[in-house]
Amino acid sequence: MADERVEEAALTDGFNLVIDALKLNDINTIYNVPGIPITDLGRYMQAAGMRVLSFRHEQNAGYAAAIAGFLTKKPGICLTVSAPGFLNGLTALAHATTNCFPMILISGSSERKIVDLQQGDYEEMDQLAIAKPLCKAAYRVLHAEDIGIGIARAIRAAVSGRPGGVYLDLPAKVFAQVMDAEAGARSLVKVIDAAPRQLPAPESVKRALDVLKGAERPLIILGKGAAYAQADDAIRAFVEASGIPYLPMSMAKGLLPDTHPQSAGAARSLALKQSDVVMLIGARLNWLLSHGKGKAWGDAPKKFIQIDIEPKEMDSNVEIVAPIVGDIGSCVQALLDAMGKDWAAPPPAWTGAIREKVEANVARMAPRLRNNNVPMDYQGALGALRTIIKERPDAILVNEGANTLDFARSIIDMYQPRKRLDVGTWGVMGVGMGMAIAAAVETGKPVLAIEGDSAFGFSGMEIETICRYGLPVCVVVFNNGGIYQGTGVNPSGGSDVSTTVFVKDARYEKMIEAFGGVGVYATSPDELSQAVNAAMDSGRPTLVNAVIDEAAGTESGRIGNLNPQRVVAKK
Ligand code: OXT
Ligand code: ADP
Ligand code: MG
């Protein structure tokens, strides 16, 4: 009897090899939606001690994996079923690639020979072909002995150079393939130095410092690449040693505290218009920076210096007179080393003008943040939350919406790096709940998610996921009754409501009560403050329905200028 028993220890299979390959590379958290053909894989991962979070929609699992990559510099893993599940994950994969977040979308897929002959398999789709244009790299594994290499390639592709999204296609049959356990173990690859330092050429460092030395009105712009680099001390030391005013892009806020004397955040327009030399550190001159030209930058000629790991980013929009190609940590350290001790600070006329504008803008905004209006406006509500973040700098702020996003960006100061997570380069609505879950899971810190009511609607069902795992997430829904405002009217006079309004006085807080969380209906900044502090103290999943004046805010927030203007009114 014994010799008929297959020696279990002598064999392994595709399920085990995927798990062993991920664990060998210190990847132990999976963001997934179960289903054919990956349900058992998720169970076996959990049984092997991995943390496997199951979501209600793959898009949210993907946003969680993407921001996990941003926070940890290890690829976040999103695991989905084939075809529809894969497609749901694809938006997040493209978002990760656009934002330079390292993430791997692993999807089960159908039987190759049936797919390739288009014979109508279950969830038939040529997923690899569809994924390729939307991500940094894409691979498919057909044999169990290739799983080790496949996962190693996906990891290295995700984190090396400019980070991004990678697709790994695993046809159902691979999971059940059996092979010799010894050979299986040997087929696994522990990735060595997945994201190697990329040192800048010394001449590029010298060229940049020479340009900077000649500046009358220099400006440093810190982008989310600088936050991702986790070179916080070197970046702060460089900014302070240079004495140059800096402008943090949204997810770079907190690299230096927003209250820092060199912060030009509250003097953005002046800083862009009047600077004569601009040093970009992990920031692209894309739409968020008006492509480095036009009205936002004023008429004075400017010289741009750019630090980026991606050489092709240079000259993307305007001429870069001093490109420094390399990883930000190595580049900033090289600049510090080459600056020497006698670096001359910028002219006080410049730093003084920035400081003066900052103080004027801050002073102008201050009284508006102390109002206790009912219904609340954005300033009163965010004034209360600004105080909470100041008192709890460890908390992670997740933010999406239009007005809810824009007002929070300028009103809530951040004090530590990688604590503000938002819609990013693509301005994507629906990232909030996935980001909140991953932020709580990856950092263990309390999370405050400030959500427009429309933005919340994209992923609100994940409130159940947050309750299921008992995560310390407090969701504040800015309920102004619609997209941008709640005052829209159907111009036809017909019975349908306007295209941009929601149910009046929606009771979002009752949603979380359905899953055992804490729901609060807040009509004033004081009530809002009380509810959020209680949530942060208790760590209990909480949803605060913050009633905002439906007439507050503007269409598309601060980017209304991007809306096409109609010329010919329909008769
Ligand atoms: O210097 P000046 O004087 O100019 O002043 C600036 C700063 O100096 C000053 N400032 C300060 N003053 C005082 N104190 C402090 N601390 C301070 N800090 C700054 O304030 C001003 C402004 O500063 P800021 O913000 O730094 O500068 P500015 O000029 O705004 O920066 C330009 C940008 C472009 C960098 C910035 O505006 C930006 O980052 N914008 C991002 C915009 C964005 O991505 N928005 C989201 C997308 S909008 C739209 O697409 C929406 N949709 C469509 C949709 C999407 N996106 N996705 C999907 C999948 N489907 C559909 C939808 C459906 S938004 C949306 C939902 C909206 O409804 P919600 O209900 O969710 O939200 P509500 O609007 O609340 O209803
Ligand atoms: P923001 O939206 O904050 O301005 P972007 O997403 O536009 O930031 O730009 C981030 C840039 O940072 C990308 O061009 C990317 O190549 C770069 N980057 C990301 N990580 C690093 C790194 N470790 N070293 C150098 N550049 C990096
Ligand atoms: Mg709204």
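Visitor: What makes Arg162 a polar partner of ligand 2?
Guide: A polar side-chain atom of Arg162 lies 2.7 Å from an oxygen atom of ligand 2. A polar contact is a pair of N or O atoms within 3.5 Å; within protein, one must be able to donate a hydrogen and the other to accept it, and residues adjacent in sequence count only if both atoms are side-chain atoms. The distance of 2.7 Å is within that limit, so the pair counts.

Visitor: What kind of model is this, and how is it labelled?
Guide: This is a predicted model, in which local features need pLDDT of at least 70, side-chain atom pairs count only at pLDDT 80 or more, and totals for chains, interfaces and linings use all residues. Residues are numbered from 1 along each chain as its sequence is written, chains are lettered from A and ligands numbered from 1 in the order in which they are written, and side-chain values use heavy atoms, leaving out hydrogens and water.

Visitor: Which polar side-chain distances to ligand 2 do Arg284 and Asp308 give?
Guide: For Arg284, 2.8 Å separates a polar side-chain atom from an oxygen atom of ligand 2. For Asp308, that distance is 2.6 Å. The protein covers 96% of the 580 Å² of accessible area that ligand 2 has on its own. Accessible areas come from the Shrake-Rupley method with a 1.4 Å probe; for residues, only the protein chains shown count as cover.

Visitor: How many residues surround ligand 2?
Guide: There are 20, and the closest are Arg162, Lys224, Arg284, Asp308 and Ile328. A residue is near a molecule or strand if one of its heavy atoms lies within 4 Å of it. Helix 11 (residues 224-228) gives the largest share of this shell, three residues. Helices (H or I, at least four residues) and strands (E, at least two) are DSSP runs, numbered from the N terminus.

Visitor: What makes a residue a donor to the magnesium ion (ligand 3)?
Guide: Donors are N, O and S atoms within 2.8 Å of the metal (3.2 Å for Na, K and Ca); water is not among the atoms, so sites may look incomplete. Asp453 (OD), Asn480 (OD1) and Gly482 (O) coordinate this ion at 2.0 to 2.1 Å. Those distances are within 2.8 Å, so they qualify. Along the sequence, the spacing is D-x26-N-x1-G. Asp453 lies in helix 19 (residues 453-459), and Asn480 in the loop between strand 17 (473-479) and helix 21 (509-513), so the pair ties together parts that are 27 residues apart in sequence.

Visitor: Why does Asp453 count as buried?
Guide: Buried means under 20% relative accessible area, exposed over 50%, partly exposed in between (1.4 Å probe, protein chains only). Asp453 has 3%, so it counts as buried. Asn480 has 2%, so it is buried too.

Visitor: Why is His291 called partly exposed?
Guide: Its relative accessible area is 33%, which falls between the two cut-offs, so the label fits. His291 sits in the loop between strand 11 (277-281) and strand 12 (303-308). His291 also has a positive phi of about 60°, although it is not a glycine.

Visitor: Why does the span of helix 3 agree with what is expected?
Guide: The expected span of a helix is 1.5 Å times one less than its number of residues. Helix 3 (residues 58-72) has 15 residues, so it should span 21 Å, and its end C-alpha atoms are 21 Å apart. In helix 3, 14 of the 15 residues are buried, so the rest of the structure largely encloses it. Just after helix 3, Lys73 takes a positive phi of about 65°.

Visitor: What makes Asn32 a buried residue, and what does Asn32 touch?
Guide: Its relative accessible area is 1%, so Asn32 is buried. Asn32 belongs to strand 2 (residues 29-32). Contact means heavy atoms within 4.5 Å. Not counting residues up to four places away in sequence, Asn32 touches several residues, including Ile38, Ala61 and Leu79. The side chains of Asn32 and Ser54 make a polar contact at 3.0 Å.

Visitor: Why is Gly76 called buried?
Guide: Gly76 has a relative accessible area of 5%, so it is buried. Gly76 is in strand 4 (residues 76-80). Its C-alpha atom is 8.4 Å from that of Gly62, 14 residues apart along the chain.

Visitor: Which peptide bond before Pro37 is cis?
Guide: The bond from Ile36 to Pro37 is cis, with omega near 5°. Pro37 lies in the loop between strand 2 and helix 2 (39-47).
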